[in-house]
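Here is a short tour to read with the structure open beside you. Take your time and find each part as it comes up.

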Amino acid sequence: MHGAVIHGPGDIRFEERDDPKILRPTDAIIRTVVTCVCGSDLWAYRGTDPITEPTPMGHEYVGVVEEVGNEVTNVKPGQFVIGSFATSDNTCSNCLAGYQSNCVHREFMSTCQADYVRIPNAHGTLVATDEMPDQEFLPSLLALSDVMGTGWYAAKAAEVRPGSTAVVVGDGAVGLCGVIAAKELGAERIIAMSRHASRQKLAREFGATDIVTERGEEGIARVKDLTDGVGADSVLECVGTKQSMAQALHSTRPGGNVGFVGVPHDVAIDGQELFFSHVGLRGGPAPVRGYLPDLIDRVLTGRINPGKVFDLTLPLDQVAEGYQAMDERRAIKTLLTP
């Protein structure tokens, strides 16, 4: 088979790789139907995360089951499945508490920009649809494997409630999905922080009521202006930089909450400042598996359409162009078709 391999900053190659095999009785092999490039993949592409050897890429996937290990009984060959970027047995104490992304048997997916993928912990990770979905639903179902599930977790962690005010820091795919999540969870006012016209337009389509183009101290001041000088009830931090975290914390009212899902890079939080702010802080890798049944239903019933974050579609063998387009902000998110 073939798949994407990163060799160094800016160096993505579509190469021949060994076909995946069942290594454990809890594994499954799927044939990729669609996959994509994630904003978090750009940390390695830009050289922020070091690459010491050629490394397969990709952690978002939907596909058709080809083969299962003898302990996998919930899915079978021929079924269309969606799974999480973090695998889980869905039975350990952490999973049962709703944190499948911290399963004691967790493995992070990292080989999904390929023709075929081995899924560890398949029994607890994969969710099958009743039938093969129509083509129109594929982008949105793919979004559930990470960005929509992650945006949903950001909103849940920030405790978005009906009638509340939410701020979304970040206008990438996760931030835009966070707007969807805040809307679905009942936020009355949703302030999207974005400096890009195409992303602002999509944020408004997803439910944003206000757009803030400023960043840093000016962005914080603008949020305060929009919230009677107090700050927002809930802030979704969807970037992972020092500036975005500071902007999120200082845009939140006392007693409000920040849900942070951007993978942190050079982020440091002043404990004393946090202590006196009365701001709650929760985040981490999103427990996507726990949300999948609900989110799949919302997609297939037409209630949400997170697949709109994909604004560039390429054949899988052009994956390098997909990375470059996102790096240059010519695309929000690249859909790849094997």
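How many aromatic pairs does a search of the whole structure find? The search turns up four. Keep in mind that this is a predicted model. Here are two of the pairs:

| Pair | Centre to centre | Angle between planes | Type |
|---|---|---|---|
| Tyr 45 and Tyr 323 | 5.4 Å | 35° | tilted |
| Tyr 99 and Tyr 153 | 6.4 Å | 85° | edge-to-face |

The pair of Tyr 45 and Tyr 323 links distant parts of the chain: Tyr 45 sits in helix α1 and Tyr 323 in helix α12, 278 residues apart. Both of these tyrosines are buried. In the other pair, Tyr 99 belongs to the loop between α2 and β7, while Tyr 153 is part of helix α5, 54 residues apart. Are these two buried or exposed? Tyr 99 is partly exposed, because its relative accessible area is 32%, whereas Tyr 153 has 2% and so counts as buried.

Now look for the sheet. Six strands make up an open sheet with parallel pairing, and their order is β11-β10-β9-β12-β13-β14. Since β11 and β14 each have a single partner strand, they stand at the edges, so one side of each has no neighbour in the sheet. From one strand to the next, the twist averages 20°. Zoom in on β13 and β14: four bridges join them, and Val 258 stands opposite Leu 281 in β14. Helix α9 (residues 242-250) lies across β9, β10, β12, β13 and β14, and runs at about 145° to β13.

Next, the inside. In soluble globular proteins, nonpolar side chains tend to be buried together. Here the largest nonpolar core has 59 residues, and Leu 141, Leu 144, Met 148 and Leu 236 have the most contacts inside it. Helix α6 gives the most to this core, with eight residues. A second, separate core has 16 residues, among them Ile 6, Val 37, Ala 44 and Leu 316. Back to Leu 144: leaving aside residues up to four places away in sequence, its contacts include Ile 82, Val 288, Leu 292 and Pro 306.

Finally, try Glu 188, in the loop between α6 and β10. Its relative accessibility is 62%, so Glu 188 counts as exposed, the cut-off being over 50%. Even so, Glu 188 touches Gly 163, Ser 164 and Thr 209, not counting residues up to four places away in sequence. The C-alpha atoms of Glu 188 and Val 160 are 9.8 Å apart, with the two positions 28 residues apart along the chain.

Definitions and conventions:
Residues are numbered from 1 along each chain as its sequence is written. This is a predicted model: local features need pLDDT of at least 70, side-chain atom pairs count only at pLDDT 80 or more; totals for chains, interfaces and linings use all residues. Side-chain values use heavy atoms; hydrogens and water are left out. Two strands pair if DSSP finds at least two bridges between them. Helices (H or I, at least four residues) and strands (E, at least two) are DSSP runs, numbered from the N terminus. Axes are lines fitted to C-alpha atoms, for helices over the stretch in contact, and angles run from 0 to 180 degrees between N-to-C directions. Contact means heavy atoms within 4.5 Å. A nonpolar core is a set of buried Ala, Val, Leu, Ile, Met, Phe, Trp, Tyr and Cys residues joined through side-chain atoms within 4.5 Å. Buried means under 20% relative accessible area, exposed over 50%, partly exposed in between (1.4 Å probe, protein chains only). Rings of Phe, Tyr and Trp (its six-membered ring) pair if their centres lie within 6.5 Å; planes under 30 degrees apart count as stacked, over 60 as edge-to-face and the rest as tilted.
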